[in-house]
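Good morning, everyone, and thank you for making time for this. I would like to take you through one model, and I will try to be careful about what I say of it.

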Amino acid sequence: MKRSFIAKNPSVLIFLAILALFTLLITVMSEGFGVGGISTSFIKTLGKTLCLCLIALAMDVIWGYTGILSLGHFAFFGLGGYMIGMWLMYERTRLIVVDSLAQAEIPPTDGEVIDAIGNQIFGVVGSSDFPLIWAFADSLMIQLMLVVLVPGLLALVFGWLAFRSRVTGVYLSILTQAMTLALALYLFQNDSGLRGNNGLSGLQNLPGVTASQDHVSLWFFWASAAALGGGYVLCAWLVSGKFGSVLRAIRDNEARVRFLGYSVEMYKLVIFTLTACIAAIAGALYYPQAGIINPAEIAPIASIYLAVWVAIGGRGRLYGAVIGAAFVSLLSTWFTGGQAPDINLGFYTIKWVDWWLVLLGLSFVLVTLFAPKGIGGLIDIFTDRRAAKEAKQ
Amino acid sequence: MSTLLEVSGVSVTFDGFRAINNLSFQIAEAEMRAVIGPNGAGKTTFMDIVTGKTRPDEGRVIWGEKSVSLLGMNEAKIAQAGVGRKFQKPTVFEDQSVQENLLMALQNKRGWLAVLRYRPSPEDLVKVVDLAEKIGLKDQLFRKSGELSHGQKQWLEIGMLLAQEPRLLLVDEPAAGMTPAEREHTTDILVEAAKTRAVVVVEHDMEFVRRLNCKVTVLHEGAVLAEGSLDHVTSDQNVIDVYLER
Ligand SMILES: Nc1ncnc2c1ncn2[C@@H]1O[C@H](COP(=O)(O)OP(=O)(O)O)[C@@H](O)[C@H]1O
Ligand SMILES: [Mg+2]
């Protein structure tokens, strides 16, 4: 079964090979494990980019293959980040507190330690008590499970309500925007239990690990690459075979699929929840590399960008989503990071920090109008031509 | 023969317009039935009601030997119960190959877990080839169905219906846009299918209906106007009036 799947999808092998080569190359060029040449901060950027590629895969499966334009998947990404962030922040603060109290003449009680941790974490929002949702923050195992469970449950409940009422098309997109907006607004509140607009910070420091960021950054880079590789195989498997057939059929004519006897609502719910879980895992790997997560991350616009990446990369083909996310997000970093040279027109200077969004919006419109298959479509033209040539011989 | 589908006293109103008016209709197992009637008579709406797309305001739709009501079921459940439907406009999944279309329609488990684990068995692949042969698409198995001609798409949809192995087949204007030769082939497929299941064919073309050689139901303004052999209904004064009126 496994063999026939890979055999039928040679692009999966090609993708994995390129990803492995890329990972090796970056490792060799790194400060931590290689000869140097790529800065640790750029390795973090690349690692984060891999995570964005992973959520783009999820977006492609839900939008490109199933036809559900979800504009809320960054909510799941962010929630995944929050779940792992809670443990990272709790554990690191606990170590610091224990350390500083160790010098005290009277050994601190457990209660005092907990109070001190609470003070450290929640002082910024004028509180020192642990909210209920932090009940498991001391357990890495449980928080890791929550990375998938919390966003998965949200997707399940939201999807059940929306799909059962047969909300489709632009109405569903608006509903998903409302979901991510509501979640962001809730998290912005100081008494949300997740430090309001301060968010969770210091996430780049692994508690109890003394290795330098030169090394830690690579660990996360490797983990992100592995997750992207695994995610690619999973998504390719989902969209191939009869299940993928049904997904694409739902995209093209869901009413007809019902008359074939398939429960369209159930399939939508399953794929919505599954892609939410993939997004959550991507987020859980992203934010330790970013170092900080706050509610602004899951603002509605983030999910719209995600759709733009996938559209530019080419929806309905998995490598297209990866290319789109990598290409556009790296360009975005370059343009908005002030590295791009400003263009002096004499009468006006184009500052990319301001104009990048205009350029992105324009590319999106142009791609939608003239190259609906996106960048991935160009690769198709190339491979189709080669296939045609081979067929002729 | 026992009754497979019994529709009784069904009415549907769209924005005050009565599209179906106290309609009653029965079909037995392994029966072929032609439904004719002028445009707007409610033929398609009748199929919408049976397949769960449209909910009637009143009336009953009873199915099978256990006499279950189809009214409380959604489209997928009704299809699983054994009602297959071909639409007026050919609707196949154009982005997918003929084989993929047929495999999706093939009578197998419809649940997502079962579908996720599904690998086409050799028997299934043989069934698909047999079906493709029957609908004249054996050489087109791996072509995208969007590239097929209009008539071929109609056949593919009929093939998908047969693949579902339904007990009742509802076929809406299958011969529309077909060449005479294609029509003949279509008749053959339908007559063959009706040997083992109930088939309801909606058609405008009298020649086509004559070749089906079956009982005919004439619909007019959402109700049955006449029923019987083709010769019987075409000599019925009410039917003549309705058709001449147009
Ligand atoms: N969804 C709908 N909304 C409003 N009117 C409808 C709808 N469906 C059908 N009708 C009307 O009901 C009547 C019967 O339509 P239909 O069943 O399609 O006729 P036929 O298939 O016999 O030509 C027509 O007058 C049509 O305009
Ligand atoms: Mg009609």
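I will go through the surroundings of the ligand, then the nonpolar cores, and finally one threonine.

Please keep in mind throughout that this is a predicted model.

Let me begin with ligand 1, whose surroundings are made up of F14(B), F17(B), A19(B), N39(B), G40(B), A41(B), G42(B), K43(B), T44(B) and T45(B). Sorted by class, that shell contains 4 nonpolar, 5 polar and 1 charged residues. If you look at the elements behind it, strand 2 (17-28) and helix 1 (43-50) of chain B each contribute at least two residues, and the largest share, 3 residues, is that of helix 1 of chain B.

Which atoms of the protein come within polar reach of the oxygen atoms of ligand 1? A polar side-chain atom of T45(B) is 2.5 Å from one oxygen atom of the ligand, while at A41(B) it is a backbone N or O atom that lies 3.2 Å from a ligand oxygen, and at N39(B) a side-chain N or O atom is 3.4 Å from an oxygen of ligand 1. As for how much of the ligand is covered, ligand 1 taken alone exposes 560 Å², and the protein buries 62% of that.

Let me turn now to the nonpolar interior. The largest nonpolar core has 164 residues, and those with the most contacts inside it are W134(A), F243(A), L318(A), L156(B) and V199(B). Helix 3 of chain A, residues 40-65, gives the most to this core, with 16 residues. If we take F243(A) and set aside residues up to four places away in sequence, we find that F243(A) touches L238(A), Y267(A), V270(A) and I271(A) in chain A, together with W112(B), V115(B) and L116(B) in chain B. There is also a second, separate core of 27 residues, which includes V12(B), I20(B), V35(B) and L70(B).

My last stop is T66(A), which sits in the loop between helix 3 and helix 4 (73-101) of chain A. Is T66(A) buried or exposed? Its relative accessibility is 1%, and because buried means under 20%, T66(A) counts as buried. A polar atom of the T66(A) side chain lies 2.8 Å from the backbone oxygen of V61(A). Apart from neighbours within four places in sequence, the contacts of T66(A) are V61(A), L247(A), I250(A), R251(A) and I271(A).

Thank you, and I am happy to go back to any part of this.

Notes:
Residues are numbered from 1 along each chain as its sequence is written. Chains are lettered from A and ligands numbered from 1 in the order in which they are written. This is a predicted model: local features need pLDDT of at least 70, side-chain atom pairs count only at pLDDT 80 or more; totals for chains, interfaces and linings use all residues. Side-chain values use heavy atoms; hydrogens and water are left out. A residue is near a molecule or strand if one of its heavy atoms lies within 4 Å of it. A polar contact is a pair of N or O atoms within 3.5 Å; within protein, one must be able to donate a hydrogen and the other to accept it, and residues adjacent in sequence count only if both atoms are side-chain atoms. Accessible areas come from the Shrake-Rupley method with a 1.4 Å probe; for residues, only the protein chains shown count as cover. Helices (H or I, at least four residues) and strands (E, at least two) are DSSP runs, numbered from the N terminus. Ala, Val, Leu, Ile, Met, Phe, Trp, Tyr, Cys and Pro count as nonpolar, Asp, Glu, Lys and Arg as charged, and the others, Gly among them, as polar. A nonpolar core is a set of buried Ala, Val, Leu, Ile, Met, Phe, Trp, Tyr and Cys residues joined through side-chain atoms within 4.5 Å. Buried means under 20% relative accessible area, exposed over 50%, partly exposed in between (1.4 Å probe, protein chains only). Contact means heavy atoms within 4.5 Å.
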